[in-house]
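I set out to look up the cavity, the strand pairing and the salt bridges of this entry. My notes follow in the order in which I made them.

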Amino acid sequence: MTIQLQAVEVLDNPAPFTSEFKFRITFDCIAPGVKEELEWKLVYVGSADNEDNDQELDSILVGPVRVGKNRFTFTAPPPDVSRIPSSDLLDVTVVLLTCLYKDQEFIRIGYYVHNEYSEEVTDSTIIKPEKIIRNILSDKPRVTRFNIAWDNDNKENTFKPLPKKENQNDDNEQGKNGGNEETKDNDNDDDQEEEEEEEVDLEATDDEQDNDDEDIEEDVIEQQGSNDNNNNNNNANNKNGDETNQDEEDDDIDMTE
């Protein structure tokens with residue numbers, strides 16, 4: 001991704017509902033950079049049940065964008081209260097900060113917004129927007145990234161068909177179509193063979209692993225057998241040594257007598 005978001009700082013938060021939104025945005029532009037401007041938008045979700053109540057509060061163009069670190073402050077007006085259902089004025093809603101390049105959205109940052117009335121609310125209370133306190137939960141953003149075509153990724157491979165001959169009869173056309181179908185079938189067979197080859201390679205890898213495990217087990221058995229032989233030899237040597245010591249003791253006794 002050519003543009004990498006580093007930080008978004010929510011300014012003047014909490015704030016009255018009728019005040020402006022302010023975001024300080026920091027991002028990096030990776031070489032070779034971008035040729036056109038970035039478009040940033042702020043959308044206020046007026047109702048979770050109806051997208052028609054969503055309001056695009058503001059949209060700005062940022063550019064030219066230099067390679068390296070970039071920072072700017074995005075300011076947007078408050079939402080139009082008349083377009084928000086009265087039942088959705090308070091409690092929790094969402095604001096979406098998005099960025100586009102060449103009309104392609106590549107990042108979206110969502111924030112929960114808690115709108116709380118400064119006075120006690122009863123059934124007879126008339127909600128006044130200037131008495132609503134807006135609190136953006138800036139510590140819990142939801143960031144979504146999308147893959148788009150950047151300046152170096154928009155090259156498309158175009159296929160140019162061969163021109164048809166004017167004196168080509170229907171039989172040749174049918175033969176050509178039949179040949180294309182056969183070629184397509186052959187391509188599918190080739191793809192199937194490649195898949196089968198990959199499966200065979202995976203199975204061969206498992207067999208090699210099993211063979212390696214068997215070799216390790218044989219080495220362990222041989223080593224254990226060698227250790228057992230050494231132990232037997234040591235026991236035999238110890239036994240011969242005991243018999244020799246016993247003979248020497250008997251000789252000593254005979255000499256004393």
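**Cavity**

I began with the lining of the largest cavity, which consists of Val10, Leu11, Asp12, Asn13, Ala15, Glu20, Phe21, Lys22, Arg134 and Ile136. Strand S1 (3-11), strand S3 (21-29) and strand S9 (132-136) are the elements that each give two or more residues to this lining. I note that the model is a predicted one. By residue class, I recorded 5 nonpolar, 1 polar and 4 charged residues in the lining. I then asked how many cavities of 30 Å³ or more the whole structure holds. The search returned 1 cavity at that cut-off, and the volume of the largest cavity is about 30 Å³.

**Sheet with S1 and S3**

I next looked up the pairing of S1 and S3. An open sheet of 3 strands has the order S1-S3-S6, with antiparallel pairing. Its edge strands are S1 and strand S6 (68-76), each of which pairs on one side only. From one strand to the next, I found an average twist of 20°. Between S1 and S3 I recorded 8 bridges in the antiparallel sense. As one register point, I noted that Leu5 has Phe27 in S3 as its bridge partner.

**Glu9 and Arg24**

I turned to the salt bridges, of which the count is 6. Glu9 and Arg24 form one of them, with their closest N and O atoms 3.1 Å apart. What does this pair tie together? Glu9 belongs to strand S1 and Arg24 to strand S3, so the contact ties parts 15 residues apart in sequence. Is Glu9 buried or exposed? I found Glu9 to be partly exposed, at a relative accessible area of 40%. Arg24 also counts as partly exposed, its relative accessibility being 32%.

**Strand S4**

I then examined the cover of strand S4 (residues 38-45). The strand is mostly covered, and 7 of its 8 residues are buried. Which strands pair with S4? I found S4 joined to strand S5 (residues 55-62) by 7 bridges, the two running antiparallel. S4 also pairs with strand S7 (residues 91-101), in the antiparallel sense and over 8 bridges. For the register, I noted Lys41 opposite Ser59 in S5 and Trp40 opposite Cys99 in S7.

**Lys102 and Asp151**

I followed the chain beyond S7 to a further salt bridge. The side chains of Lys102 and Asp151 meet in it, at 2.8 Å from N to O. Lys102 lies in the loop between S7 and strand S8 (104-117), and Asp151 in the loop between strand S10 (142-145) and helix H1 (170-256). I noted that the pair links distant parts of the chain, 49 residues apart. How do the partners stand in accessibility? Lys102 is partly exposed, with a relative accessible area of 34%, whereas Asp151 is buried, with 11%. The cut-off I applied for a buried residue is under 20% relative accessible area.

**Arg108 and Glu105**

I closed with the salt bridge between the side chains of Arg108 and Glu105, at 2.8 Å from N to O. Arg108 is partly exposed, with a relative accessible area of 30%. Glu105 is likewise partly exposed, with a relative accessible area of 24%. As a general remark, I entered that side chains of opposite charge can pair when their charged atoms come close.

Technical notes
Residues are numbered from 1 along each chain as its sequence is written. This is a predicted model: local features need pLDDT of at least 70, side-chain atom pairs count only at pLDDT 80 or more; totals for chains, interfaces and linings use all residues. Side-chain values use heavy atoms; hydrogens and water are left out. On a 1 Å grid over the protein atoms alone, a cavity is a set of points where a 1.4 Å probe fits but cannot get out, and a pocket is an open set with protein on both sides within 12 Å along at least five of seven lines; lining residues have an atom within 4 Å of a point. Grid points are joined across faces, edges and corners, and a volume is the space filled by probe spheres set on the points. Helices (H or I, at least four residues) and strands (E, at least two) are DSSP runs, numbered from the N terminus. Ala, Val, Leu, Ile, Met, Phe, Trp, Tyr, Cys and Pro count as nonpolar, Asp, Glu, Lys and Arg as charged, and the others, Gly among them, as polar. Buried means under 20% relative accessible area, exposed over 50%, partly exposed in between (1.4 Å probe, protein chains only). Two strands pair if DSSP finds at least two bridges between them. A salt bridge is a side-chain nitrogen of Lys or Arg within 4 Å of a carboxyl oxygen of Asp or Glu. Axes are lines fitted to C-alpha atoms, for helices over the stretch in contact, and angles run from 0 to 180 degrees between N-to-C directions.
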